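Please open the structure in your viewer and keep the sequence panel visible beside it, since each stop on this tour begins with a selection.

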Amino acid sequence: MPNLFAYTDGACSGNPGPGGWGVLLQAKDGDTVVKERELNGGDAQTTNNQMELMAAIAALETLERSSMITVITDSAYVKNGVTSWIFGWKRNGWKTSNKKPVKNVELWQRLDAAQVRHSVTWEWVKGHAGHPENERADELARAGMAPFKP
């Protein structure tokens, strides 16, 4: 059975402003890519963090059956949020430790629901550092943003 990987990225022109998200889905047998799919989209008025979240959500929601998948993001916000902070937020009724509402709560709840069906490993990679799949996800995110830029 091939291993599944989702390389995700978000982009924004202005923050807030027009934004896009991109996903490069790959099924690999060892180091060999056996299947690949590209996803992207965008919004006229959004933030970089929202687009980073949307990329991860799209990667997980597009899978038709329960899967083992590694999601690779260059967003510490997404990685830390989903692997650490989310547990406290849920325990506190979607409030931060200082009792403030969680920003982007609808997207965090959607990501939480999307990952329940899967066995997800989350990895962080430094963005814009020459990582080929992360660079492709960035290109997809910029393409997703393009229709919304003036």
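The tour goes from strand pairing to backbone details, then to a pocket, and ends with the salt bridges. Please keep in mind throughout that this is a predicted model.

**Stop 1: strand β1 and its partners**

Select residues 3-12, which make up β1, and colour them apart from the rest. This strand is mostly covered, with 7 of its 10 residues buried. Now add residues 17-29, the span of β2, and you will have an antiparallel pair in which 10 bridges join β1 to β2. To find your place along this pair, look for Cys12, which stands opposite Gly19 in β2.

Next, show residues 68-73, which form β4. Here the sense of pairing is parallel, and β1 and β4 are connected over 5 bridges. A convenient landmark is Tyr7, whose bridge partner in β4 is Ile72.

**Stop 2: the turn between β1 and β2, and a second loop**

Return to the hairpin of β1 and β2, where 4 residues lie between the strands, and select Gly14, which takes a positive phi near 90°. Then move to Pro16, which is placed in the loop between β1 and β2. The peptide bond that leads from Asn15 to Pro16 is cis, with omega near 15°.

For a second loop, go to the segment between α2 (76-91) and α3, where you will find Lys99. Although Lys99 is not a glycine, its phi is positive, at about 70°. Asn104 also lies in the loop between α2 and α3, and it too has a positive phi in a residue other than glycine, with a value near 60°. Are these two residues buried or exposed? Lys99 is exposed, with a relative accessible area of 60%, whereas Asn104 counts as buried at 17% relative accessibility.

**Stop 3: the largest pocket**

Turn on a surface and look for the largest pocket, which has a volume of about 700 Å³. To centre your view, select Leu4, Ala27, Leu63, Arg65 and Ser67, which, of the 22 residues that line this pocket, are the closest to its centre. If you then colour by secondary structure, you can trace the strands that contribute to the lining: β1, β2, β3 (32-46), β4 and β5 (119-124) each supply at least two residues. Colouring by residue class instead shows a mixed lining, with 9 nonpolar, 8 polar and 5 charged residues.

**Stop 4: the salt bridges**

Hide the surface and show the side chains of the charged residues. Side chains of opposite charge can pair when their charged atoms come close. How many salt bridges does the structure hold? There are 5 of them, and three are visited here in turn.

Begin with Glu36 and Arg136, which form a salt bridge with their closest N and O atoms 2.9 Å apart. Glu36 lies in strand β3 and Arg136 in helix α4 (residues 132-145), so this pair ties together parts that are 100 residues apart in sequence. Both ends are partly exposed, Glu36 with a relative accessible area of 39% and Arg136 with one of 28%.

Move next to Arg110 and Glu61, whose side chains meet in a salt bridge at 2.8 Å, N to O. Because Arg110 lies in helix α3 (residues 105-116) and Glu61 in helix α1 (residues 48-61), the pair ties together parts that are 49 residues apart in sequence. Arg110 is partly exposed, with a relative accessible area of 35%, and Glu61 counts as partly exposed at 39%.

The third pair, Arg142 and Asp138, forms a salt bridge in which the closest N and O atoms are 3.1 Å apart. Here both residues lie in helix α4, 4 residues apart, about one turn of the helix. The two partners differ in their exposure, for Arg142 counts as partly exposed at 44% relative accessibility, while Asp138 counts as buried at 8%.

To finish, select Glu36, Glu38 and Arg136 together, which are joined into one network by salt bridges that share partners.

Methods. Residues numbered from 1 in each chain as written. Predicted model: local features only at pLDDT ≥ 70, side-chain atom pairs only at ≥ 80, totals over all residues. Heavy atoms only, no water. 1 Å grid on protein atoms, 1.4 Å probe; cavity = no way out; pocket = protein on both sides within 12 Å on 5 of 7 lines; lining within 4 Å. Points joined across faces, edges and corners; volume = space filled by probe spheres on them. Nonpolar A, V, L, I, M, F, W, Y, C, P; charged D, E, K, R; others polar. Salt bridge = Lys/Arg side-chain N within 4 Å of Asp/Glu carboxyl O. Buried < 20%, exposed > 50% of the residue type's maximum accessible area, 1.4 Å probe, protein only. Pairing = 2+ DSSP bridges.
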